[in-house]
Amino acid sequence: MTMQPSNSVIYLKDYLAPAFWVEQVELCFDLSANQTRVHSKISFKRNPEREVDLPLELHGSDLKLISLNIDGGTLNDNEYLISDELLVIPKVPDEFVLEAEVEIDPANNTSLEGLYRSNTMFCTQCEAEGFRKITYYPDRPDVMAAFTTKVIADKDEYPVLLSNGNPIERGELDNNRHFVTWLDPFRKPAYLFALVAGDLQVVKDSFTTMTGREVALEIWVEPENITKCDHAMGSLKAAMKWDEEVYGREYDLDIYMIVAVNDFNMGAMENKGLNIFNSSCVLARPDTATDGAFQRIEAVVAHEYFHNWSGNRVTCRDWFQLSLKEGFTVFRDQSFSADLNDAAVKRIEDVAMLRTAQFAEDAGPTAHPVRPDHFIEISNFYTLTIYEKGAEIVRMIANLLGPDLFRKGSDLYFERHDGQAVTVEDFVAAMADVSGIDFSQFMRWYSQAGTPELSVSDAYDSDSQQYRLTIKQSTPATKGQEEKLPLHIPVKVGLLDAQGSDLPLILSEGEASGEQGDNSRVLHLRAAEQTFVFDQITNAPVPSLLRGFSAPVKLDFAYSQEQLLHLMRHDSDGFNRWDAGQRLALDALKAMICQFEAGHVPELGSTLVEAYRSLFNAQLSPAILAAMLALPSEAYIGEQYAVVPVDAIHACRKLARKTLAKALEAELRQCLTENQLPGDYRPTAKDIGKRCLKNTCLSYLMVLEHSDIVASCWQQFERSDNMTDVQAALVQLVHSNQDDKAKAALDKFEQEWQQDALVMDQWFQVQASRPHPDALARVKALMEHNAFSLKNPNKVRSLIGVYCNQNRVNFHSLDGHSYRFLADVVLELDRMNPQIASRLITPLTRWQKFDEQRQQLMQAELKRIAEADLSKDLFEVVSKALP
Ligand code: B3K
Ligand code: ZN
């Protein structure tokens with residue numbers, strides 16, 4: 001019988017349906033910090049589609065088996081086998097009830113997977129394979145069952161006892177204990193199981209669904225956080241309404257609960273009826289949370305809610321299909337945020353993140369397809385590729401179908417597969433069935449890793465009045481995937497005339513969607529090289545390519561500065577207006593970097609300065625103006641190079657900001673004054689845009705360090721009633737050369753907020769990203785601060801994650817000290833929390849992007865890590881990253 005050794009590779013092609021289905025699960029938890037007893041009663045039925053006589057194999061890890069019986073008869077030791085990962089019972093009937101009792105130790109569970117403690121509460125995280133740390137079970141998403149869960153605990157310590165579904169019974173027991181029993185009538189895989197117990201308080205509300213059913217909404221938090229739930233509750237109600245209106249999806253249970261916990265590996269978890277959230281993704285009050293946090297909460301609350309259909313009612317057959325639920329749900333939450341806020345700004349933010357971080361992942365040693373075909377540890381695949389590139393694939397499908405057909409397709413998908421565990425093919429089949437579109441070539445998006453590159457050239461012929469666009473596509477080889485085939489890529493284009501107006505597009509060669517004469521058409525690129533011909537073009541146009549970022553690709557076209565300025569001023573596509581500005585800025589920065597590397601003093605050309613100056617009079621919304629005034633990040637600039645010139649990028653970007661600040665001081669000052677917001681804080685798109693613009697201006701002006709600006713920055717820090725403005729001012733003070741002010745601000749902030757874990761995360765972040773040479777020493781010192789703990793993922797991310805990913809000049813310092821530091825931390829962390837360790841190591845795995853000296857230093861640390869006894873998680877990442 002199969003006993004999988006550790007670190008073995010699991011392949012998609014080996015998928016087999018389970019040998020047994022589960023009809024019904026009854027669980028009883030008797031909670032205690034170190035000795036929780038879990039009793040399970042599971043009815044199994046042999047799957048007639050698998051071979052007869054297969055043994056029963058259940059997953060289980062870190063469990064102490066107390067008792068085991070089948071249909072009431074206790075099993076002898078020789079009737080089952082136990083390894084670190086499995087319980088195997090060779091001989092079982094075709095239908096039977098298995099009862100097991102196990103003991104687990106939540107208080108020493110630092111992996112934050114399975115049942116664990118966060119502060120004084122108990123909570124769970126079961127996705128992807130955490131349920132096996134709770135009891136023996138077929139812990140795979142295609143095994144779905146109805147769960148009844150009884151939770152028993154001390155009445156005073158744990159007055160609140162929650163699980164999935166609806167509460168059906170509660171009562172008192174001996175020894176000051178009580179219990180609540182929950183029934184979840186919807187069949188679900190074990191990864192959606194949840195349990196919470198603690199001394200919690202609740203904010204209650206309700207939602208009336210489209211068919212008039214009343215759903216109780218509850219947000220459970222530790223008592224000190226009770227004033228921070230309003231925004232999440234508002235977001236939840238907005239998400240429920242939006243999903244009814246846009247997708248026709250109604251909530252199904254009588255109650256929907258959210259619980260906030262401090263110790264959490266990810267953002268949140270969509271457990272059926274009982275979402276468990278990282279407190280950072282649910283708690284907000286104007287004085288404690290920034291606009292960014294408010295928006296993230298809105299998005300994450302919606303994301304988890306949307307999973308109730310895209311993930312829970314219709315789930316994944318196996319973990320290779322992870323993007324089936326995650327890509328689709330990210331697309332849904334992006335659309336929701338776009339509808340509630342400024343759609344162009346939302347698209348800009350999402351694409352900026354994708355192009356910076358997902359493209360880097362796709363070009364690195366852990367690159368994988370949106371549907372991977374093998375893994376060692378599935379936790380390593382909750383990636384930007386699965387989530388964000390997965391969402392881009394769904395976006396392309398939605399754009400190919402158009403809104404009405406896409407809605408029909410999603411209705412068909414949900415209806416056809418309600419209650420099932422399905423595959424990416426099932427999703428695409430529903431879309432194909434309603435539209436008649438052939439997706440066979442498009443499916444390669446799911447199986448090919450790497451970012452496709454488009455190289456576009458054009459030619460205008462005044463005699464024939466024809467304009468030709470020739471597009472070549474290629475996808476670079478990635479680890480284990482040398483050969484790439486051409487993809488079906490939707491390229492949305494427009495053509496601008498000399499006045500900046502869109503020309504009607506009449507296509508005489510090439511496949512496109514839309515009507516002849518439209519201002520934008522979507523070209524269907526299928527071959528490695530293809531030419532598209534536009535007729536009746538009376539003058540050479542300026543092409544606006546990849547409008548709205550219609551496909552997740554890199555696009556190269558030899559734009560002249562004049563063409564970019566033209567697009568930046570006139571493009572009817574908001575995204576491409578912004579992108580033209582980014583291209584112009586990148587060109588200017590690259591020129592500076594060249595000068596810097598040649599030993600010259602770099603200078604920012606006047607074209608960019610004047611282009612930025614003109615933005616102030618361009619009638620842009622504050623949010624768009626802020627986005628257009630921001631230079632590409634150091635990370636994104638680095639992405640443009642085969643070998644990242646770390647120091648040159650930092651120096652040149654800083655100098656460019658200074659040049660812009662000097663030249664545009666008057667405009668920046670005026671804009672700063674005009675965008676002050678008197679009155680109460682509101683996290684509306686309009687106000688967020690204004691605050692963002694104002695703080696963008698402030699950050700430019702602070703480069704000049706004029707005393708009046710420093711004084712007003714201090715005043716903003718000291719007097720603002722909202723964290724957005726306080727934090728923006730704090731960053732400027734701490735990152736300036738005004739050491740006294742920086743220290744004073746940090747001390748004051750610490751004094752005020754030392755009791756608030758989430759606000760202290762910001763305090764750590766500001767210091768971790770400070771680009772001064774003492775940064776590493778400071779990070780090390782802060783690890784000793786009593787608000788820091790290596791056991792808390794938010795703290796690790798805020799201090800160490802931010803330092804290693806955002807403080808590039810220091811992290812890549814040629815002494816190699818930061819590489820050594822990260823390796824040491826990762827080794828220590830791997831023994832506590834493998835998921836966090838294997839994520840934190842990411843910047844070291846990107847050694848290919850750096851010069852020889854840095855490569856050697858980074859590789860040496862990876863080798864040192866590889867020699868230790870590692871978790872599966874870290875082993876998989878490090879072994880991929882080693883040369
Ligand atoms: N589905 C969860 C992810 C849990 C990952 C655990 N390793 C969050 C989300 O995407 O909604
Ligand atoms: Zn999700």
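## Exercises on a predicted model

**Exercise 1.** Helix α24 covers residues 817–830; work out how its span compares with the expected one.

*Solution.* Begin by counting: α24 has 14 residues. Next, go from its first C-alpha to its last, a reach of 20 Å. At 1.5 Å a residue, 20 Å is expected, and the helix comes close to that. Keep in mind for every exercise here that the model is predicted.

**Exercise 2.** Find out how many of the residues of α24 are buried.

*Solution.* Apply the cut-off first: a residue is buried when its relative accessible area is under 20%. Then go along the helix and collect the residues that pass: S818, Y819, F821, L822, A823, V825, V826, L827, L829 and D830. That makes 10 of the 14 residues, so α24 is largely enclosed by the rest of the structure.

**Exercise 3.** Describe the surroundings of ligand 1, starting with the residues that come nearest.

*Solution.* Let us take the shell in steps.

1. Ligand 1 has 14 residues around it, and E127, A268, E270, E304 and Y387 come nearest.
2. Sorted by character, the shell holds five nonpolar, four polar and five charged residues.
3. Now look at side-chain polar atoms. One of E127 is 2.5 Å from a nitrogen atom of the ligand, and one of E270 is 2.7 Å from a nitrogen atom of ligand 1. For E304, the partner is an oxygen atom of the ligand, at 2.7 Å.
4. Turn to the area: ligand 1 taken alone exposes 340 Å², of which the protein buries 97%.
5. Two or more shell residues come from each of β20 (268–269), α2 (291–306) and α3 (322–340).
6. Finally, place the ligand among the domains. Because domain 1 (10–294) and domain 2 (314–447) both give residues to the shell, ligand 1 lies between them.

**Exercise 4.** Return to E127 and identify the kind of peptide bond that joins E127 and A128.

*Solution.* Check omega, which is about -5° here: the bond is cis. Then locate A128, which sits in the loop between β11 (121–125) and β12 (145–154).

**Exercise 5.** N175 has a positive phi although it is not a glycine, and so does L546, also not a glycine. Decide for each residue: buried or exposed?

*Solution.* Take N175 first. Its phi is about 55°, and its place is the loop between β14 (166–172) and β15 (177–188). With 63% relative accessibility, N175 counts as exposed.

Now L546, where phi is about 60°. This residue lies in the loop between β32 (542–545) and β33 (554–557). Its relative accessible area is 5%, and L546 is therefore buried.

Technical notes:
Residues numbered from 1 in each chain as written. Chains lettered and ligands numbered in written order. Predicted model: local features only at pLDDT ≥ 70, side-chain atom pairs only at ≥ 80, totals over all residues. Heavy atoms only, no water. Near = heavy atom within 4 Å. Polar contact = N/O pair within 3.5 Å; in protein donor to acceptor, adjacent residues only side chain to side chain. Areas by Shrake-Rupley, 256 points an atom, 1.4 Å probe, with all protein chains shown as cover. Helix = DSSP H or I, 4+ residues; strand = E, 2+ residues; numbered from the N terminus. Nonpolar A, V, L, I, M, F, W, Y, C, P; charged D, E, K, R; others polar. Domains from an automatic or database assignment. Expected span 1.5 Å × (residues − 1). Buried < 20%, exposed > 50% of the residue type's maximum accessible area, 1.4 Å probe, protein only.
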